[in-house]
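Please walk me through this structure, one region after another. Explain the terms as they come up.

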Amino acid sequence: MDFPIIKIKAKDCSLDLVEIPDPPKEVYVRGNLPPRGTSCLVVVGSRNYTSYGKQVVEHLIGGLRGYPISIISGLARGMDTLAHKAALANGLYTLAVPGSGIDDSVIYPRQNCGLAREILEKGGGLLSEFEPLYRATTWSFPQRNRFMVGLSHAVLLIDASEKSCTLITARLTADYKRELLVVP
């Protein structure tokens, strides 16, 4: 099945992006946006997660089965991957927001191309403010995290280390007046 990339005005995507500083004017989407009426929970954490962190994300997301919750994460290795997989396993909508464009040729990390395809096939979506063929850079991840927080109603941090991009996300969550949920 083909999932075309569609360019839309950010204000038309029914998400809260206009509330963040310097919101994108346009975004690129493949698949579906979160269903209307669902609360968007961003889940982020360490690439080098612990077994405790893995159990926690699977338990917490499993407990959301049947509720109008959409799981958003960054498609990165580690906790992001676990969050997307837990959402899929529990029949929840999930949206991947990579630090790259959303064309198959540039999805980052490459090892999650199959996961991106599974997300699309199960009714989820890919969303980016970057051009479809944009390759990930070191600065695109903090920018992507800003974008994800702007999409959220709440942000859940699991297994974050002291010096990580996850803590940037925590600060942005507070700055944008979103709920911050933390698993120590």
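Contact here means heavy atoms within 4.5 Å. The model is predicted, so local features need pLDDT of at least 70 and side-chain atom pairs count only at pLDDT 80 or more, while totals for chains, interfaces and linings use all residues. Residues are numbered from 1 along each chain as its sequence is written, and side-chain values use heavy atoms, with hydrogens and water left out.

Ser39 is a place to begin. Not counting residues up to four places away in sequence, Ser39 touches Pro68, Ile69, Ser70 and His153. Ser39 belongs to strand β3, residues 39-45; helices (H or I, at least four residues) and strands (E, at least two) are DSSP runs, numbered from the N terminus. The C-alpha atoms of Ser39 and Ser152 are 7.7 Å apart, although 113 residues separate the two along the chain. Ser39 has a relative accessibility of 34% and counts as partly exposed. The scale is this: buried means under 20% relative accessible area, exposed over 50%, and partly exposed in between, with a 1.4 Å probe and protein chains only.

Lys7 sits in strand β1, residues 5-9, and is partly exposed at 46% relative accessibility. Leaving out residues up to four places away in sequence, Lys7 touches Glu26, Val27 and Tyr28. With Glu26 there is also a polar contact between the side chains, at 3.3 Å. A polar contact is a pair of N or O atoms within 3.5 Å; within protein, one must be able to donate a hydrogen and the other to accept it, and residues adjacent in sequence count only if both atoms are side-chain atoms. The C-alpha atoms of Lys7 and Leu127 are separated by 9.9 Å, with their positions 120 residues apart along the chain.

Glu26, Val27 and Tyr28 also appear among the contacts of Glu129, together with Pro24, Gln143, Arg146 and Phe147, when neighbours within four places in sequence are left aside. Glu129 is in the loop between β6 (125-128) and α4 and is buried, at 16% relative accessibility. Its side chain makes polar contacts with two other side chains: that of Gln143 at 3.4 Å and that of Arg146 at 2.9 Å.

What should the 12 residues of α4 span at 1.5 Å a residue? The expected span of a helix is 1.5 Å times one less than its number of residues. For α4 this gives 16 Å, and the end C-alpha atoms are 17 Å apart, which agrees. Helix α4 is mostly covered, with 10 of its 12 residues buried. Among the buried residues are Phe141, Arg146 and Phe147.

Phe141 leads on to the aromatic rings. A pair of aromatic rings is described by the distance of the centres and the angle of the planes. Rings of Phe, Tyr and Trp (its six-membered ring) pair if their centres lie within 6.5 Å; planes under 30 degrees apart count as stacked, over 60 as edge-to-face and the rest as tilted. By this rule there are four aromatic pairs. One of them joins Tyr108 and Phe141; this pair is tilted, at 5.7 Å centre to centre and 55° between the planes. Tyr108 lies in the loop between β5 (93-96) and α3 (113-121) and Phe141 in helix α4 (residues 140-151), so the pair ties together parts that are 33 residues apart in sequence. Tyr108 is partly exposed at 34% relative accessible area, whereas Phe141 is buried at 12%. The rings of Phe130 and Trp139 are edge-to-face, because their planes meet at 80°, with centres 6.2 Å apart. Phe130 is buried at 6%, and Trp139 is partly exposed at 48%. Ring pairs link Phe130, Tyr134 and Trp139 into a cluster.

The charged end of Arg47 sits over the ring of Phe141, 5.9 Å from its centre. For this, NZ of Lys or CZ of Arg must be within 6 Å of the ring centre and within 35 degrees of the ring normal.

Some backbone details remain. Tyr108 is joined to Pro109 by a cis peptide bond, with omega about 0°. Leu75, in the loop between β4 (69-73) and α2 (79-89), has a positive phi near 65° and is not a glycine. Leu75 is buried, with a relative accessible area of 0%. Lys177 also has a positive phi, about 60°, without being a glycine, but Lys177 is exposed at 72%.
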